2 protein chains.
Amino acid sequence: VTRGDLLERTIAAIPAPDLDVAAETARLLDAKTKPPGSLGRLEDLACRIAAIRGSVPREALRPAIVVAAADHGVAVRGVSAYPQEVTAQMLATFAGGGAAIAVLAREAGARLVVVDAGVIGGASVHGVRSEIVDGARGTEDLTLGPAMPRSTAVGLIERGIALVGELTDDGIGIVGLGEMGIANTTSASALAAALLPAEPSSVCGPGTGIDDEGLVRKVESVSRGLVMLSLGPDPDPIEVLAAVGGFEIAFLVGVTLGAAARRVPVMLDGFITSAAALVAARLCPSVSGSSIAATRSPEPGHAIVLDALKLEPLLDLRLRLGEGTGAALAFPLVRAAVAILTDMATFDAAGVSGPSEAPEPADV
Amino acid sequence: VTRGDLLERTIAAIPAPDLDVAAETARLLDAKTKPPGSLGRLEDLACRIAAIRGSVPREALRPAIVVAAADHGVAVRGVSAYPQEVTAQMLATFAGGGAAIAVLAREAGARLVVVDAGVIGGASVHGVRSEIVDGARGTEDLTLGPAMPRSTAVGLIERGIALVGELTDDGIGIVGLGEMGIANTTSASALAAALLPAEPSSVCGPGTGIDDEGLVRKVESVSRGLVMLSLGPDPDPIEVLAAVGGFEIAFLVGVTLGAAARRVPVMLDGFITSAAALVAARLCPSVSGSSIAATRSPEPGHAIVLDALKLEPLLDLRLRLGEGTGAALAFPLVRAAVAILTDMATFDAAGVSGPSEAPEPADV
């Protein structure tokens with residue numbers, strides 16, 4: 001089993017979340033002018049962020065969204081409602097500012113990093129960061145053999161690790177994941193089916209809007225991909241990734257691992273980014289403790305993957321676009337969770353009374 | 001049945017949501033560079049906002065949060081975990097900027113309007129807008145008789161209508177509701193029990209953290225309040241409000257009606273603000289079409305009231321603080337919903353292909 005040096009070092013550097021810091025954060029929140037726990041999941045989020053960082057945040061985390069795009073050979077199987085050229089077109093729209101994620105990243109005050117991880121015809125788009133490995137644009141058809149060589153998968157993971165290193169050096173404090181790639185829910189479904197494991201029919205859904213016949217083709221494609229792979233009981237995650245995964249998913253596996261090693265929270269988006277997090281968690285189980293689930297997608301595989309990662313999503317808005325849109329929509333909750341820690345007054349400072357010792361009715 | 005002139009005129013001016021504008025908004029969204037409907041509830045929210053306004057928004061709506069506070073005579077029954085003086089203390093903390101709602105309103109870019117609708121000892125707090133009617137600070141104990149005279153209820157409603165008129169004249173485009181008042185979940189539970197109608201035990205919950213014995217006292221207090229009221233089958237909402245409601249709830253009934261008349265969306269917060277919206281909807285059924293539910297509170301009465309108003313909350317964060325914190329946390333979703341309308345590129349403008357006419361597998 002060959003892995004790159006950077007990948008090995010990164011996995012070795014990933015810490016478990018710091019539960020002492022989480023407990024310290026909970027105590028700080030209990031001193032604020034509100035009944036204990038009354039801000040519900042916002043308080044849980046603040047504690048989780050502090051545990052991931054290993055320290056209580058003292059100011060807002062600077063957010064970025066990494067949206068990685070690539071093409072998928074399995075698109076020829078008719079598993080998407082859209083033609084393959086849409087991947088390159090959308091890459092240009094991300095960079096041009098008119099795509100949903102471009103709009104929502106601006107609204108969230110997040111830096112948007114658009115990555116070409118292997119888009120057919122995506123070579124020369126301005127504002128796009130090229131992360132092509134081995135000159136590969138578009139994976140092979142996963143129903144006929146491995147989607148990519150193992151070395152390409154490792155190379156892309158390491159590119160993702162390197163990017164997140166640059167971002168954190170530049171002061172980014174939380175990274176959202178986004179993706180685009182016609183047919184990539186088929187790759188994500190195959191990853192989930194192989195790694196959970198699960199039946200292909202239980203994790204495949206309509207994606208961005210395929211019809212019932214397309215869904216049948218999708219389940220068949222995933223099943224064939226798994227047959228080609230002929231898995232043992234504890235499959236090597238990188239072998240699975242190379243067999244059925246997309247280039248953009250491999251890149252996001254790297255972003256997830258790299259962020260965990262840097263103690264930077266990762267905000268997952270929908271099903272595909274969660275499949276990337278699943279691969280990362282199979283490489284290093286502590287990783288799921290560094291992730292935050294933004295949304296619950298209607299795609300049936302998503303809930304199963306989130307359960308496996310022990311993540312409860314913050315939002316449930318029936319989003320099925322991807323691109324990082326759910327992550328962008330969850331960032332204001334992160335800002336709010338940190339702000340209650342940094343900006344709220346304590347009971348003592350505000351001169352507010354705590355609960356009555358023994359609330360009793362007056363003798364009226 | 002006496003109502004004030006302003007109240008009568010306001011109710012008469014409330015329009016139904018404009019379904020043609022909602023349909024026009026949906027068409028505009030379908031032309032954007034994303035699969036139709038793939039932004040899920042964000043698209044529904046954009047359509048709803050447009051229908052309430054009667055026009056497609058062309059820029060971000062300027063948000064405000066109105067947090068109204070008052071004291072409750074029923075607090076002597078031991079129905080809250082906190083002593084009554086906390087109401088006045090929190091009023092000062094709202095104005096001073098250290099309360100949760102002050103922090104979250106800032107994060108949301110929302111103007112915070114702090115209203116004293118009848119807080120005991122709340123007279124002289126800087127930064128608080130006094131809306132005391134008939135000099136009343138603190139309601140009477142609703143278990144012994146009406147909480148307030150009918151004229152006071154009408155007066156407070158009209159103060160709320162007047163405030164929202166000022167806000168909309170000043171360019172505010174969406175109003176969030178917030179409240180504070182020790183024992184006010186008891187008032188809200190009594191309103192819900194009377195108006196839905198529902199059993200007191202089904203709508204009473206722990207509020208900000210009362211114990212089991214306190215919950216028994218709360219259910220008893222609500223039941224006694226309903227006995228005092230001796231309702232017919234179709235109770236007059238203002239009579240019910242005067243009998244069991246709080247001053248701050250009456251004020252927020254006015255804000256809700258006034259906003260609906262001005263075609264300004266109202267963002268509800270938790271159980272208490274939703275009880276105010278229920279009173280408003282009983283006065284004028286179109287009102288619930290002008291409301292947006294921010295959060296689902298763990299308080300058992302909240303889901304029942306939201307069902308009655310036909311509202312599905314945007315968030316489910318297990319908040320039980322009130323103050324408008326849920327409304328503030330939902331404002332970024334409103335910004336995002338409007339931004340996808342105003343800022344996203346269309347398929348045509350971006351040169352992106354639509355769905356394939358008939359997606360078919362290649363003959364490989």
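**Chat: the contact between chains A and B**

Student: How many salt bridges are there between chain A and chain B?

Tutor: Four salt bridges link chain A and chain B. The term means a side-chain nitrogen of Lys or Arg within 4 Å of a carboxyl oxygen of Asp or Glu. This is a predicted model: local features need pLDDT of at least 70, side-chain atom pairs count only at pLDDT 80 or more, and totals for chains, interfaces and linings use all residues. Side-chain values use heavy atoms, with hydrogens and water left out.

Student: Which residue does B:Glu312 form a salt bridge with?

Tutor: A:Arg318. The closest N and O atoms are 3.4 Å apart.

Student: Which elements of chain A give two or more residues to the side that touches chain B?

Tutor: Helices H3 (40-53), H4 (85-96), H5 (100-108), H14 (325-343) and H15 (347-350) of chain A. Helices are DSSP runs (H or I, at least four residues), numbered from the N terminus.

Student: Which gives the most?

Tutor: H14(A), with nine residues.

Student: New topic. How many residues does the contact take from each chain?

Tutor: It takes 68 residues from chain A and 68 residues from chain B. Contact means heavy atoms within 4.5 Å.

Student: What rotation superposes chain A on chain B?

Tutor: One of 180 degrees, with 0.0 Å of shift along its axis (RMSD 0.0 Å). The fit is by least squares on the C-alpha atoms of residues with pLDDT of at least 70 in both copies. The two copies are therefore related as by a two-fold rotation axis. The same surface serves both: 100% of the contact residues of chain A recur in chain B.

Conventions:
Residues numbered from 1 in each chain as written. Chains lettered and ligands numbered in written order.
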